[in-house]
There are 2 protein chains.
Amino acid sequence: MACEVCGRELRTAERGRPRRYCSRACRTRAYRARLAEPPAPEEPAAQPGRPAEAALDQGRVVRAAVALADREGVAALSMRRVATDLGVGVMSLYRYVPSREELNDLMVDAVFAARPLPEPGPDGWRARLELSARQEWELYRRHPWMSHLVAVTTRPPVAPALMAYTDWRMRALDGHGLDFATLVQVAIMIGTYVQSAAVPLAHEAQAARTSRHTRREWAQARKEAFARSIGAARLPMVAEFGDEAFEASEPENIFEFGLHRMLDGIGLLLPPDQSPPGPMGTQ
Amino acid sequence: MACEVCGRELRTAERGRPRRYCSRACRTRAYRARLAEPPAPEEPAAQPGRPAEAALDQGRVVRAAVALADREGVAALSMRRVATDLGVGVMSLYRYVPSREELNDLMVDAVFAARPLPEPGPDGWRARLELSARQEWELYRRHPWMSHLVAVTTRPPVAPALMAYTDWRMRALDGHGLDFATLVQVAIMIGTYVQSAAVPLAHEAQAARTSRHTRREWAQARKEAFARSIGAARLPMVAEFGDEAFEASEPENIFEFGLHRMLDGIGLLLPPDQSPPGPMGTQ
DNA sequence: GAGTCATAAATACACCGTACATCAATTGCA
DNA sequence: TGCAATTGATGTACGGTGTATTTATGACTC
């Protein structure tokens, strides 16, 4: 009595038909695997018992979720809201999306898949890495909820299109004598950095939506709170924060600054007189 | 009819005494502000109607929350669980903690406050920045839920002790001719990077707790999923991922690698022949 | 027509944060 | 000495969440 997919023990299998899967997620996975086996993923009709046309599919669910998050922010994103937006019952979503967590992944994947990095990229490793970072940053600007989702899942999102960015970055730097492990680390480091720099964007987007406080007001209030609680004596630098520091700490500027520092640091790994590399992907 | 703290409209003020605050959070804020006004914050007694001793205080609540998160992970952290751990009613917490979101901030602040950076730090800007990053990293290792909380709030946590890290970092690099705005950016960039590099730690901690999958199993499963869905042809680099890449992408190693690249990049901002600076804080 | 199966949905459960009303205890003041 | 004000602590309840379980419906094969 074990789930056919994940092998977990099956609970409450007493009444009715014998159960085969431990959860809807596993059942859905099995179903999708069965669908994926025949070589025609574009034409899923003519399945036994399948209605003439399905009202839903995974793409529609994911697109609706992305649109909702874009429109009303990550706080409004829930299975119920997505379902009502689509005009279907809540549980209908679970036929196409194994769980809320995997919906998050699918949303991230959809956004990245819609904007792949160009092939071939520009010339020169630095221009390439810069482009890849800037393009990812642009995605976070347009979909601020993404940086939130990435962190909320307590694990890196399982999104092939995001992995494609990593792959592209590795190829962007390949051919300069760096070993494979270093390429991995550079690519991951860049993605990690862009994501982290984008986290404040989610906050600003939410604040702009609820029109509660602007970032400036918030920074001012926080500064005053610090002045009251800790006293500026202990934080001499923070005590001098003014317009200049505020401007410098704007997410956009932090991103730009850190990006260049990081690229500079990567440059030091490479042999100094390296001539410009050939086209991408030629190893 | 507006809240005396935030000015928001007061709903449902018909029956009973007229309300003065829009929420318990505001009422608590007003109460705390009133407590802070007299110049003796250590001796708040002799208030009218104040009981002799309170069973709870903010410190106990925050400590219980931190202990709970350490013990059972961020998923188990809720107001109800904290309350039962303390043996009090749920709503009793709200007398000392304005809201769940601010409890998050207080938890982060408590952890950072318990481990301040040393004064004076070591010699040399690089050793200092490295120490500050490594010490923050150590905190995330010990309290993996922190990286999660930082991101969940959709805004940087309001934690003075965390701001103290920023201040320390700015002082660590001060005296090398960098302008104030650049100091701000360096300090924020380092903190941002450490936090983001720590996000996978939360995942691993949770996985280890539920003993579902190890990181190695998870990476393997993900690789197979990619091979099935996208096909390795489109991701030539990822297709070659093996033990070496797995080892390289270990959070600890990503952190170390990125830290050194970042410090290298910062070093390029400084004049090359700069002699070692004097003791910290001398401007 | 019976049986099998996938779709879709309704219901239900356990949980969350927290607004609200209430109670007893304490104190200052009339 | 009473009374009003104020606080700590709490119980109850509301509207929300993700999703397990169950049921109804239709389409297909035999």
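## A helix pair in chain B

In this predicted model, one face of helix α5(B) is in contact with helix α7(B): Trp125(B), Arg128(B), Leu129(B), Ser132(B) and Glu136(B) of the former meet Tyr165(B), Trp168(B), Arg169(B), Ala172(B) and Leu173(B) of the latter. Sorted by class, this contact comprises 6 nonpolar, 1 polar and 3 charged residues.

Helix α5 of chain B covers residues 125-142 and helix α7 of chain B covers residues 160-173; their axes come within 8 Å and cross at roughly 165 degrees. Because angles over 145 degrees count as roughly antiparallel, α5(B) is described as roughly antiparallel to α7(B). The crossing of these two helices is left-handed.

## Relation of the two chains

Chain B is superposed on chain A by a rotation of 180 degrees with 0.1 Å of shift along the axis, the RMSD being 0.1 Å. The two copies are therefore related as by a two-fold rotation axis. In chain B, the C-alpha of Gly265(B) is the one nearest this axis, at 2.1 Å.

## The interface

Chain B and chain A each contribute 56 residues to the contact between them. On the side of chain B that touches chain A, at least two residues come from each of α6 (145-152), α7, α8 (180-210), α9 (215-229), α10 (236-239), α11 (243-248) and α12 (251-267). The largest share, 16 residues, is supplied by α8(B). By class, the residues on this side of chain B are 33 nonpolar, 14 polar and 9 charged.

Of the interface residues of chain B, 98% are also interface residues in chain A, so the copies meet through the same surface.

Conventions: Residues numbered from 1 in each chain as written. Chains lettered and ligands numbered in written order. Predicted model: local features only at pLDDT ≥ 70, side-chain atom pairs only at ≥ 80, totals over all residues. Axes fitted to C-alpha atoms, helices over the stretch in contact; angles between N-to-C directions. Helix = DSSP H or I, 4+ residues; strand = E, 2+ residues; numbered from the N terminus. Parallel < 35°, antiparallel > 145°, perpendicular 65-115°, else oblique. Left-handed = near helix turned anticlockwise from the far one by under 90°. Contact = placed C-beta atoms within 7 Å. Nonpolar A, V, L, I, M, F, W, Y, C, P; charged D, E, K, R; others polar. Least-squares fit on C-alpha atoms with pLDDT ≥ 70 in both.
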